[in-house]
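Please read this note with the model open beside you, and follow each point on the structure as you go.

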Amino acid sequence: MTWLPGGGERRWAIAIVLALAALAPLPLAGPRDDVLNFVFLVLLSITLAQSWNIVAGYAGQVNLGHAAFFGLGALLTRALWTSGAPVVLAMLAGALLATAFALLIGVAAFRLRGAYFAIGTLALGEILRTTVSNVLPEISTLPAASIASYRLAHRYYLALILAAVSVLAVAVLASSRLGLGMRAIREDEAAAEASGVGALGLKLIALALSTGLAGLAGGLFAYYHISYYPAHPFGPQWTFDALLMTFIGGVGTLHGPVLGAVLYVLLKEYLAVRWVDFHLLIFGALFIAIVLLLPGGLVQAAARARRLVTPAR
Amino acid sequence: MSILAQQLVLGLLIGGLYGLAASGLSLIFGVMKVLNVAHGELIMLGGYGAFWLVALLGLDPFLTLALVIPGALLLGVGLYWGLFGFVVRADEETRVKNSLLIGFGLALALHALAVRLWTADERSVPTPYGGAVFTVGPLSIPAVRLLSLAIAFALILTLQLLLTRWRWGKAIRATAEDWQAALLTGIDVRRAYLLAFAMGTALAGAAGTLVTIGYSVSPSIGLEWTLKALIVVVLAGLGSMLGTFVGGLVLGVAEAASAAAFGGPYREVIGLVIFVVVLVVRPRGLFGR
């Protein structure tokens, strides 16, 4: 097991994958559809948050155009799958498109540092969203035959696999030389370059991995929804969701985004019953508090609390 | 031909508001190195302030500026004390990044709050002289929007005068130039920051009022206006408020021209494309002096 991260991260990786495996028999128990839908949303959110975590948490590049890659994955997957391709192949093609686009713009975008990269990618995402909503203004609905054969359990298992893949990908990355180089760039890019880390190459690798996973998550979105506007998955709220979940849980950690995703979806679904979008007020405020007071998110809060209760050795 | 000219005139008219929207962002970023991405949401709040004053008190829409501007000034003071004042303690790079994140959280919270308070519907305010139009040759110019442009220009001029003539205005510019040197000459840098942030917020409030009068306001206009302001700041650079105003006019006209060339829906795209290209060609942005 040398490829697994050492220490705490290895334990977290094993714990999360075991927890995901425990969710596998759920559809067999024949629960209500809303339970299955809820777990599906949590799993999709874990994948989305984890994908953003790679480029922002580990490589330190705050990508505010993440939705563009989620959207590209959804776009191509939907097109290929509805015209007859197997869904897994369609999703892989969607991920490939997202990654290819990311590498295309990455070389230019990574000339921007820090906040300039953030607002540059935000603008790129909006360009893509506006263009897609102009070119494809019609709602995309599955044909009647597909609706008749729709099985929620299929979506559920794909989501489960994807969430596990994303957690394992981050776990492997975190322990590898690549991950070490990325963290060096995050802490101090100039110092990393001076010690022989090829910053541009590593940032491109992080972006490729991150956008590939986002593309897969987008493909899952396209496979799951019966009808949606093609521009919807390009909307900035997907970026914002990923950012909130990752930061609230703990940016740059393996288990933080998972924790953040579970909490976020729980509160969102609970509050949506009475107050649409009210969760954003709470999470917006929580997010500000975390940036100001607790940059490590809930994971850091838990570590501090643990240090308080365990006596000093 | 006259249709194109008409489009360009309308582009010029909204361009003045782009300039006004950008001036506040430019002032705050130039002085504090704080990038407040909730600027568009502050504009939105200003718009709803005007909407309320008209709906509840029956004020003339343009007169609401007399209340919205001081209100936004106070809001700016509160936001500085409560949030952005903490960010300026860090070094410059952390400052930009953290302010971006805080602004982002603030934008989400304000958007959700606005949906709670005013619902997601679009609102506009009726003006008693709303339909009045000046006709110049083949062109027709809506009086309300022309007045808005004039007010925007007057506000920018006032700001420019404040920054060049007023004691504290000079202190703000000195702080923008080099805060350490400013500190050494005895300038209260923290107060200069506070003033710059409050004035920037007041400008956002004024811009929001004019947007609501000439067009409409809804909780979701924030991101769009933040992007417009960012585009103008990148185009015009920092340091000159008149330059920012001209940058706004240029963006308005460019949008109108691209809408005429590629069709209406693409008017939003041109500005973003300009923005990305400028950023990539000059990675530090035209933000740098």
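The points below take up the nonpolar core, the contact between the chains, and one helix.

1. Please keep in mind throughout that this is a predicted model, and that every value in this note is to be read in that light.

2. The largest nonpolar core holds 203 residues, and among these A:L220 and B:A196 touch the most other members. Helix α8 of chain B, residues 189-214, contributes the most to this core, with 15 residues. If residues up to four places away in sequence are left out, B:A196 touches B:L27, B:I28, B:V31, B:M32 and B:I172.

3. Where the two chains meet, 30 residues of chain A are in contact with 34 residues of chain B. On the chain A side, the elements that give two or more residues are α5 (114-135), α11 (236-249) and α13 (278-293), and the largest share, 13 residues, comes from α5(A). Sorted by class, this side of chain A has 20 nonpolar, six polar and four charged residues.

4. Helix α4 of chain A, residues 87-109, has 23 residues and reaches 31 Å from its first C-alpha to its last, which is close to the 33 Å expected at 1.5 Å a residue. You may wish to look along this helix for a kink of about 25°, which is centred on A:L103.

5. Which elements help to cover the buried residues of α4(A)? Those buried residues include A:A90, A:M91, A:G94, A:L97, A:A102 and A:A109, and what covers them includes α3 (66-82), α5 and α10 (199-224) of chain A.

Note on methods. Residues numbered from 1 in each chain as written. Chains lettered and ligands numbered in written order. Predicted model: local features only at pLDDT ≥ 70, side-chain atom pairs only at ≥ 80, totals over all residues. Core = buried A, V, L, I, M, F, W, Y, C linked by C-beta atoms within 7 Å. Buried ≥ 20, exposed ≤ 12 C-beta atoms within 10 Å, placed from the backbone. Helix = DSSP H or I, 4+ residues; strand = E, 2+ residues; numbered from the N terminus. Contact = placed C-beta atoms within 7 Å. Nonpolar A, V, L, I, M, F, W, Y, C, P; charged D, E, K, R; others polar. Expected span 1.5 Å × (residues − 1). Bend = angle between axes of the 7 residues up to and from the residue.
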